[in-house]
Amino acid sequence: MSKNKKSSLKKHRNMKWAIVLVVACILGGGYLLARSNKGNDRPGDTAVNLESAADADKREAEQNKERLAKTKDGSDTTSNNNPASSNQKKSVKPTVTEATRTSVRAYVSGIFEEGGTCTATFTKGSETLTKTSAGFGNASYTQCTPINFDSSFLSAGKWSVALTYSSASSEGVSDARYIE
Amino acid sequence: MKSFRLKSILGFGLVIVAAFCLFVSLPNKTSALSGNEFPRGHIIDDNIFFNSNAMSAQEIQTFLNAKVPTCDTNHAGSGGNNPPFTCLKDYSESISGRSADAYCGGSVGGGSKSAAQIIYDVSQACGISPRALIVILQKEQSLVTDTWPWNIQYRSATGYGCPDTAACDSTYYGFFNQVYSAARQFQRYYKQSSSFNHRHGETSFVQYNPNSGCGGSNIYMETVATAGLYNYTPYQPNSAALNNLYGTGDSCSAYGNRNFWRLFNDWFGSTRGDSFTIANTVHPDGSLVKNFGEPEVYLIVAGTRYHVPDIDTFNSHGFSWSQVRMATAPDKQLPISGSTLAFRGGTLVRGDSTPQVYSLRCMVTFCVKDHVSSLNVFIAQGMAFMDVYVIAQSRVDSMTSDQTITSTTAHIQDSLVLDTSSGKVYRIDTGSKRWIPSLEVFAANHFFWNRVKTATSSDLALPTGSDVEFPEGALVREHGNPAVYVINQTGGGTYEKRHITAASTFAGLSYKPSDVFVVGSSFIPTATGAVITE
């Protein structure tokens with residue numbers, strides 16, 4: 001084999017390795033790129049993520065089933081927040097989300113029902129005032145219709161307000177909130 | 001030498017290829033969501049949440065197919081839930097449909113429908129984005145990604161009527177019933193907001209968990225949709241929930257609104273469009289405002305909203321839709337006048353059953369009509385029939401008749417006339433001619449070039465009044481000065497400038513840089529009024 005032929009063969013071998021390297025890089029890079037996008041990356045502003053469910057979403061689906069299996073709703077019961085056979089009312093604790101000199105807003109978690117009454121009781125020293133509104137089912141809880149009143153309703157000074165909820169099946173009172 | 005060059009080229013090529021390989025191999029994780037980005041008061045823009053046209057029924061189906069490529073139909077049963085299981089992409093239901101009501105303005109037809117079709121139909125009927133509905137189905141019951149969902153997940157698909165610690169209300173059982181009830185409820189939150197705890201443009205307290213001992217914080221509700229999400233699920237994520245965005249937090253964590261935000265971002269992109277935070281301040285006088293989702297447009301004059309009653313009135317003022325701003329929460333508190341906005345002065349009208357043409361002279365809420373006495377006068381005044389609004393006869397009849405226009409030599413009140421010798425354009429106003437000193441002032445006053453007529457000698461003989469100024473509500477800034485002002489007319493009829501102090505307020509009032517007239521300082525009033533700030 002002549003020196004020239006040897007050199008040419010070496011060159012071809014180098015070229016082959018270079019091509020193999022390029023192909024390997026592209027395939028490997030493409031694979032890693034695809035993998036990296038299988039996570040929880042956001043799509044672009046207008047794109048829709050059409051990847052199959054991410055691991056976190058699959059995990060949440062299983063956790064949701066575990067939760068359902070544990071809750072009362074996991075069985076095939078129909079809605080009945082208060083068994084008719086029992087005279088004991090369910091104890092609830094309303095949450096006051098807003099208490100100002102002109103309004104009180106509240107809700108009751110753990111029940112979804114119509115027909116209950118929300119009563120805001122305002123106290124300052126020996127003075128007691130009340131305002132009521134109707135409760136109604138909202139999404140997953142019972143909402144008190146916001147209680148609105150004129151700014152002259154409460155005299156100057158610090159008042160406390162507690163909200164009592166009462167229905168045929170449930171009752172309870174919130175923590176007190178203060179109105180300056 | 002040749003071999004060295006070849007090696008160099010080969011080597012350089014390999015470096016480039018290696019760099020490319022490295023680039024494409026690097027995980028593209030820069031866009032992953034982080035819990036500290038959770039925008040408590042702005043979970044999603046209204047124009048995204050209420051965009052019912054975000055997906056077609058086929059696109060919804062394609063999305064559901066993609067999320068669960070293979071359904072585990074024959075998964076082993078558990079807790080009384082036995083195979084075969086049906087995944088959301090394959091689910092269908094026979095529904096009786098719903099007619100339109102005050103909250104869902106469209107009806108939904110009955111029949112056997114796929115889940116994708118139900119989602120689409122409800123989004124169209126109730127004006128809620130199908131993307132938002134898909135995310136709600138996932139956050140409530142994981143239905144989108146579940147490979148073997150139970151019947152009760154469909155029965156309570158959106159969690160509507162399902163309290164945390166009691167059984168669901170059977171009134172709302174069923175996949176369609178659930179999707180429809182949830183969508184309709186979000187419209188209730190918007191259209192009947194005074195009945196609910198969280199309202200757009202207001203601050204309210206949101207707990208971290210049903211347990212009040214876990215605490216909470218006040219949140220300013222920047223969008224209608226955000227207030228709606230907190231009304232639907234009245235909890236916000238605590239820091240533990242946000243620190244582990246794709247997992248669980250602690251005993252005080254709640255996940256509903258966190259998961260809505262996270263899932264929407266991961267599946268459909270940002271919950272924030274090219275929008276802005278609506279400013280917490282009133283639009284200045286002279287502004288046109290409109291409540292989101294409602295058709296009524298109002299002009300604010302002296303702190304009162306005047307309803308623009310029809311398109312003719314709107315057009316007569318030279319308004320354009322790009323000038324109609326999204327009403328802020330304080331705007332919505334402004335009183336609404338019992339009278340609607342009148343036509344603009346100088347508008348030509350005739351009743352739809354009589355030929356008489358009138359030119360109107362108007363105040364904010366009423367006009368008097370001046371009869372154009374003849375065709376000769378009509379032509380001599382440079383009037384054109386295409387400029388005559390044909391309106392209800394009763395409306396014309398209700399206007400007080402005042403003068404009869406007979407002049408063929410002098411243009412009437414509110415005419416625009418061009419002095420051909422000086423090139424100046426004047427507005428005829430209460431017996432005087434007032435120069436319009438710049439193109440910007442002309443445009444800001446919504447004047448029309450095709451209404452400019454050649455001045456007569458009688459017009460030019462009129463005494464010269466003050467120059468026409470920028471009108472109330474116009475946005476101006478001086479050349480080379482970034483400070484933007486709104487023109488305001490004082491009670492005394494003089495003009496002043498009001499500085500908009502922050503770029504965020506400017507954007508929050510839905511102004512755009514192109515709305516601002518850039519002029520010389522002589523065009524901007526020297527008197528300064530109250531700043532516009534939040």
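## Talking through a predicted two-chain model

Tutor: Let's start with strand S10 (residues 358–362) of chain B: it is largely enclosed by the rest of the structure, because four of its five residues are buried. Keep in mind that this is a predicted model.

Student: Okay, which strand does S10(B) form a hairpin with through four residues?

Tutor: Look at what S10(B) pairs with. Five bridges join S10(B) to a strand at residues 367–372 of chain B, and the two run antiparallel. A hairpin with four residues in the connection links S10(B) to that partner, S11(B).

Student: And which residue of S11(B) stands opposite Arg361(B)?

Tutor: Stay with that antiparallel pair, S10(B) and S11(B). Arg361(B) has a partner across from it in S11(B), and that partner is Val368(B).

Student: What about S9(B) and S10(B): how many residues lie between them in their hairpin?

Tutor: Strand S9 covers residues 348–351 of chain B and pairs with S10(B) in the antiparallel sense over two bridges. Across this pair, Leu348(B) faces Ser359(B) of S10(B). The hairpin made by S9(B) and S10(B) has a linker between the strands, and its count of residues is six.

Student: Let's move to the open sheet of four strands in chain B. What is its strand order?

Tutor: Try it from the outside in. The edge strands, each pairing on one side only, are S7 (304–307) and S8 (324–326) of chain B. The pairing in this sheet is mixed, and the order reads S7-S6-S5-S8.

Student: By how many degrees are neighbouring strands of this sheet turned against each other on average?

Tutor: Direction is ignored here, so to speak, and the figure is an average over neighbouring strands of this sheet: 45°.

Student: Do S5(B) and S8(B) run parallel or antiparallel?

Tutor: Strand S5 takes in residues 288–290 of chain B, and three bridges join it to S8(B). One facing pair is Leu288(B) with Val324(B) in S8(B). The direction of S5(B) and S8(B) is parallel.

Student: Now the helices. At roughly what angle do the axes of H7(B) and H8(B) cross?

Tutor: Helix H7 spans residues 175–191 of chain B, and helix H8 spans residues 224–232 of chain B. H7(B) passes H8(B) in a right-handed crossing. Their axes come within 9 Å, and the crossing angle is roughly 120°.

Student: How many residues of the contact of H7(B) with H8(B) are nonpolar?

Tutor: H7(B) brings Gln185(B), Phe186(B), Tyr189(B) and Tyr190(B), while H8(B) brings Val224(B), Ala227(B), Gly228(B), Asn231(B) and Tyr232(B). Three of the residues in this contact are polar and none is charged, which leaves the nonpolar group, and that counts six.

Student: Zooming out, what share of chain B's residues count as buried?

Tutor: Chain B has 17 helices and 21 strands. Among its contacts with a separation of 6 or more, 64% are between residues 24 or more positions apart. Of the 534 residues in chain B, the buried share is 41%.

Student: And what share of the residues in chain A is buried?

Tutor: Chain A has two helices and ten strands, with the helices ahead of the strands in the pattern α-α-β-β-β-β-β-β-β-β-β-β. For its 180 residues, the buried share is 27%.

Student: One more: what average pLDDT does chain A have?

Tutor: Some parts score low: pLDDT stays under 50 over residues 33–40 of chain A, a stretch with 16 contacts beyond four places in sequence. Residues 74–85 of chain A are also below 50. Still, 67% of the chain A residues score at least 70, and the average is 80.

Notes
Residues numbered from 1 in each chain as written. Chains lettered and ligands numbered in written order. Predicted model: local features only at pLDDT ≥ 70, side-chain atom pairs only at ≥ 80, totals over all residues. Pairing = 2+ DSSP bridges. Axes fitted to C-alpha atoms, helices over the stretch in contact; angles between N-to-C directions. Left-handed = near helix turned anticlockwise from the far one by under 90°. Contact = placed C-beta atoms within 7 Å. Nonpolar A, V, L, I, M, F, W, Y, C, P; charged D, E, K, R; others polar. pLDDT = per-residue confidence, 0-100. Buried ≥ 20, exposed ≤ 12 C-beta atoms within 10 Å, placed from the backbone.
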